Amino acid sequence: MNIPTKYNTQEIEGKWYDYWMKHNFFHSEVDDREPYTIVIPPPNVTGVLHMGHMLNNTIQDVLIRRARLLGKNACWVPGTDHASIATEAKVVAKLKAQGIEKNDLTREEFLKHAWEWKHEYGGIILEQLKKLGASCDWDRTAFTMDDSLSESVIKVFVDLYNKGYIYRGYRMVNWDPEAKTTLSDEEVIYEERQGNLYYIQYSVVGSDEKITIATTRPETVIGDTAICINPTDERYAHLRGKKAIVPICNREIPIIEDTYVDVEFGTGCLKVTPAHDENDKNLGDKHNLAVIDIFNEDATLNSFGLHYEGKDRFVVRKEIAKELEEKGYLVKIEQHTNKVGTSERTKAVIEPRLSDQWFLKMEELAKPAIKAVLSEENKEVKLFPKKFENTYRHWMENIRDWNISRQLWWGQQIPAYYFGDGKEDFVVAENREDAVRLAQEKTGNKDLTAADLRQDSDALDTWFSSWLWPMSVFDGIRNPENEEINYYYPTNDLVTGPDILFFWVARMIIAGYEYKDKRPFENVYLTGLVRDKQRRKMSKSLGNSPDALKLIETYGADGVRVGLLLSSAAGNDLLFDESLCQQGKGLGNKVWSAFYLTSLWEVSTELPQPESSKVAIEWYKAKFQKTLAEIEDHYSKYRLSDVIMSIYKLIYDDFCGWFLEVVKPNYQQPIDATTYREVIKTFEDNLKILHPFMPFITEEIWQLIAKRSPEEALIIAKYPEGEETNETLIAAFDFATDVVSGVRTIRKENNISFKETIDLSVINKENTSTDFDTIIKKLCNIENLSYTDNQIEGSKSFRVKSNEYFVPISADNINVEEELKKISEELKYTEGFLKSVQKKLSNERFVNNAPEKVVAIEKKKEADALAKIETLKNSLASLQ
RNA sequence: GGGCGAGUAGCUCAGUUGGUUCAGAGCACUUGGUUUACACCCAAGGGGUCGGGGGUUCGAAUCCCUCCUCGCCCA
C-alpha cells in the first residue's frame with residue numbers, strides 16, 4: 001500500500017461525497033426498519049451559509065449519520081423557505097436598481113421576477129451544505145412555495161377559518177413602513193434609543209389655564225383626540241369634564257379620566273392618539289374617542305397632517321417641535337431613553353397602525369402544545385437544554401393572536417374572496433370555483449360569477465407555511481393517511497436556534513397536534529448563537545463572521561465540523577475562534593498519521609504474538625467499551641461536544657499514546673499477523689464512532705484499509721456494539737501507566753535518553769498483577785525488571801500507592817540530600833492527608849450518620865495512606 | 001418594569017440525588033525532547049479560598065438566605 005504522508009482534504013472530500021451520492025446512501029424510502037427522521041430548519045431560499053447554519057447542520061448530520069450506522073432508516077429532509085419579507089425586499093431592491101418600481105408591476109409580473117430570482121440564487125445554500133458533508137436526502141428537497149406545500153397551506157387556512165380560529169379584524173398591528181407590511185409581534189425587535197420627552201401646553205377651553213403633557217412623539221399631536229388624567233390625581237381634579245385645544249390644528253378634544261395614566265410619569269397628564277398607539281387605542285375604545293390616522297403607509301403624513309403632509313414622521317417631529325416652540329406651546333425638552341420597536345428584517349422603526357388584518361386565535365390551539373412540552377408525567381416533546389421550558393411556558397401561557405396577513409405578494413395569497421364592500425362580504429375557499437359557489441350561497445345570488453370576486457391581495461406570513469413543514473414535506477396535510485407521513489412522522493429530532501423557538505418550534509408543535517394529533521418531533525436540540533471571541537454576535541455588518549466556505553477550504557469540512565462541536569454544549573453560545581478548527585484538523589491529522597503508521601508495517605505470519613501486544617489488545621478493547629458507554633450516555637443527553645471530546649481523548653491518549661506505542665514493532669521489524677489483525681479491527685471501530693463527526697477522512701481510511709464494495713462502505717457500516725466493561729483490567733492498566741510516568745520523570749530529571757536501556761526494581765507491596773510488566777518494559781525501554789524486598793542503593797526511587805520503584809543510576813547523579821528532601825515532603829503530605837482522614841473517622845457522628853459505603857471509602861483511604869507512609873519511612877531509613 | 005438563567009484554572013466549560021468519578025477536562029502557559037507515524041507531535045509540570053458574606057449539616061461547588069456582577073426572553 002502506498003499511502004501519502006499527508007491527507008489532502010479538498011480532493012478526498014469531493015470524491016467521497018460524489019461516491020455517497022452515486023450510491024444513493026442519503027436516500028430513504030419507506031421500509032421495515034425503524035425510521036429516524038429529521039427535517040431541516042429551512043434556510044431562506046436566497047440565503048448564504050453562515051456560521052449558525054454550519055453549526056446546526058453539522059449537529060443534524062452527526063445525528064443522522066449515527067442513526068444510519070445504528071441501522072435505522074435515516075431520512076434527513078432538506079429544503080428552503082420562501083422568506084416572504086426578506087426575499088420580496090431583495091427583489092424590490094433589485095428591480096429598483098434596474099429602474100423598475102414594484103408599484104408599476106402587476107402581481108403576476110412581480111411574481112415572475114421573484115421566481116426568476118429564486119431560480120437564479122435559490123438553493124445556493126443547499127449546495128454549500130454539501131461541502132460541509134451534509135447527508136440530506138436531496139431527492140426530497142422541498143421549498144415552502146412548492147405547489148404541494150402551498151396547497152397544504154391554503155387547505156389549512158380554509159380549515160382553520162371554518163373551525164372559527166381565523167378571523168378578520170380591524171386592529172392595531174405592527175407596521176413596517178419600509179416594507180409596507182404588517183409584522184407579527186415576534187418580528188418586532190425592541191431597541192433602546194436615546195430620544196426626547198417634549199412638554200407641550202394645551203389650552204383649556206373656557207379659561208386661561210394651560211395643561212401640560214409630556215410626549216415622546218410630538219408629531220402625533222395632530223391626531224390627538226383626548227387628554228387623559230388620573231381620577232385620583234388631585235392636581236387636575238378641577239379639569240374634570242372640561243375640554244382642551246390641540247395646538248396647531250386648534251381642535252377641541254375632551255379631557256377624560258382613567259386610572260391607566262401613570263401619575264409619576266412626565267406631568268401625569270397624557271395625550272391620547274388612538275390611531276398611533278396601542279394603549280391609546282384601548283383608551284379610545286373604552287371612552288369612545290374618535291380615531292384620526294395621520295400617516296400614509298410609508299409613515300409620511302397624510303392630508304390630516306395639515307401643512308406637514310407628505311413629510312416623514314421623523315422630519316415632522318423636528319419641525320413640529322420648532323413650530324410649537326415658536327408659537328409658545330413648548331415648555332421644555334428632556335432627554336429620555338425609550339424602547340423603540342424595529343423590524344427584524346428591514347430595521348425600520350415600527351409604527352402601530354390600525355388596519356384590517358387576518359388573525360389566528362391561539363389560546364385554544366396552544367393547549368395541547370403546552371401540555372406536550374410542560375407536562376411532568378408525560379412529556380411528549382423534550383427541549384434540550386431543559387432551561388428553555390421556562391421560556392416556552394412564559395410565551396405559551398401569554399400567547400396572543402397571531403397576525404398572519406402580510407401586505408406582500410411573495411407568498412401564499414390569502415384565499416379570501418370579496419364580493420362586496422361590506423365587512424362580511426367575503427368567503428374563504430380553497431379555489432375560485434368553491435368561492436363562487438359559497439358566495440352564491442351566502443348572497444343568495446345565483447348569477448354571481450368568478451368575475452365578481454376579488455381575492456384578498458395580501459399574502460400569508462412565511463411562518464404560516466413553515467409551521468406545517470414536518471407534515472407538508474411528507475404531503476401529510478393533503479393526504480393525511482399516506483404511507484410516508486405514517487412512516488416518517490412524528491420525526492425524531494429537531495435542531496435549531498433558540499431565536500426561533502416561538503416563530504417556528506412552538507407553532508410546529510401546535511400545528512402537529514391540530515393536524516396529526518401527534519407531536520411533530522420528540523426532541524428539540526436548541527443550539528447556541530455563534531459569537532466571536534469578544535462575545536459579539538456574528539453578523540454581516542460587524543464583518544466578524546468568517547467565510548464558511550473558506551474555512552472548509554482551509555481546515556477541511558471534517559476539521560470545521562469538529563471545531564464547531566468541540567466547544568458547543570447544547571444551548572450554550574459558541575465562542576467561535578478559528579483555532580478550534582485547527583484543533584479539529586489536528587484530530588484528522590492524528591488519525592491519518594496513525595493509519596499511515598499501520599500502512600508501513602510488514603506483516604509476518606511466522607512471528608509469535610508478543611505478550612505485551614496481547615495484553616494491550618485486551619486492555620484497549622476494554623477501554624474502548626468504557627468510552628463507548630460514555631459516548632452513549634452523552635448522546636442520550638444530546639451532549640455532542642462531550643461525545644467528540646471522549647472520542648478525541650480515546651484516539652489521542654489511549655489509541656495513539658498507549659496502544660499503538662505498545663504494539664508498534666521496532667523500526668523496520670515486521671509485526672505478527674494476530675496483532676496486526678486486531679489493530680486493524682480496533683482501528684475500524686474507532687473509525688465507526690468517529691464517522692458521524694469526520695465523515696470524509698474516516699471513509700477514506702476505511703476504503704484504504706481494505707477493498708470494499710459499496711455495500712461495505714463506512715457510511716452504512718454497523719456501529720460497534722456495547723459490551724460489559726472490564727473495569728479491573730482498566731484500573732490495573734492505569735496503575736501501570738503511573739509506573740511508566742514515574743520512570744519517564746526519572747529519565748527526565750537525570751537526563752537519561754530514551755535510547756539508553758535501564759533497569760527497574762519493584763517492592764510490590766500492593767501485590768499488583770504482573771500482566772503489564774512486558775508493557776512497562778517496552779514503553780520504558782527497560783532491560784531487566786525485577787522484584788525485590790529491599791531498598792536498592794545507588795538508585796532513584798518513586799512510589800505508586802505503597803509500591804516502591806527503583807531505577808539504578810550512576811553515582812554522580814545521586815544527591816542523597818535531594819532524595820531525602822523529596823521523600824520527606826511526600827511523607828509530610830501523606831501524613832497530613834492521613835490526619836484529616838483519621839479526624840473524620842474518629843468523629844462519632846460521621847461514623848454513625850454517613851452511609852456505610854462512604855465510611856468504607858474513608859477506611860480504605862486510611863489503609864492506603866498508612867501503607868504509603870510505611871514505604872516512605874523505609875526509604876528514608878535506608879538513605880540515612 | 002416582569003420573568004428566566006449564569007458566575008468553578010488565563011480562556012471555554014463539566015461537575016446528576018450533599019460524601020473518591022470533588023476540586024476536573026480541553027485549549028493556553030512553563031520546561032524538556034528532531035525516539036524511525038504525527039513538531040498539526042511527545043513527555044513532564046505550574047495554576048482555582050468553586051463571585052462576596054451568612055446559615056443548615058458529622059460533611060457544602062452542590063441545599064437555604066442575602067448582596068454583587070453579567071446574559072437572555074417578554075412588555
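Ala, Val, Leu, Ile, Met, Phe, Trp, Tyr, Cys and Pro count here as nonpolar, Asp, Glu, Lys and Arg as charged, and the others, Gly among them, as polar. This is a predicted model, in which local features need pLDDT of at least 70 and side-chain atom pairs count only at pLDDT 80 or more, while totals for chains, interfaces and linings use all residues. Side-chain values use heavy atoms, with hydrogens and water left out.

**View 1. The protein surface near RNA strand B.** Counting a residue as near when one of its heavy atoms lies within 4 Å of the strand, 42 residues surround RNA strand B, and the closest are Asn589, Ser593, Tyr667, Ser741 and Phe846. These surface residues divide into 17 nonpolar, 11 polar and 14 charged. Helix H17 (578-600) is among the helices that each supply at least two residues, and H17 gives the most, with 10 residues; helices are DSSP runs of H or I, at least four residues long, numbered from the N terminus.

**View 2. Side chains beside RNA strand B.** An N or O atom in the side chain of Ser593 is 2.8 Å from a base nitrogen of RNA strand B, whereas a polar side-chain atom of Ser741 lies 2.7 Å from a phosphate oxygen of the strand. For Arg639, a side-chain N or O atom is 3.0 Å from a sugar or linking oxygen of RNA strand B.

**View 3. Surroundings of Leu360.** Leaving aside neighbours within four places in sequence, Leu360 is in contact (heavy atoms within 4.5 Å) with residues including Leu160, Tyr165, Trp402, Phe464 and Trp467.

Note on methods
Residues are numbered from 1 along each chain as its sequence is written. Chains are lettered from A and ligands numbered from 1 in the order in which they are written. A polar contact is a pair of N or O atoms within 3.5 Å; within protein, one must be able to donate a hydrogen and the other to accept it, and residues adjacent in sequence count only if both atoms are side-chain atoms.
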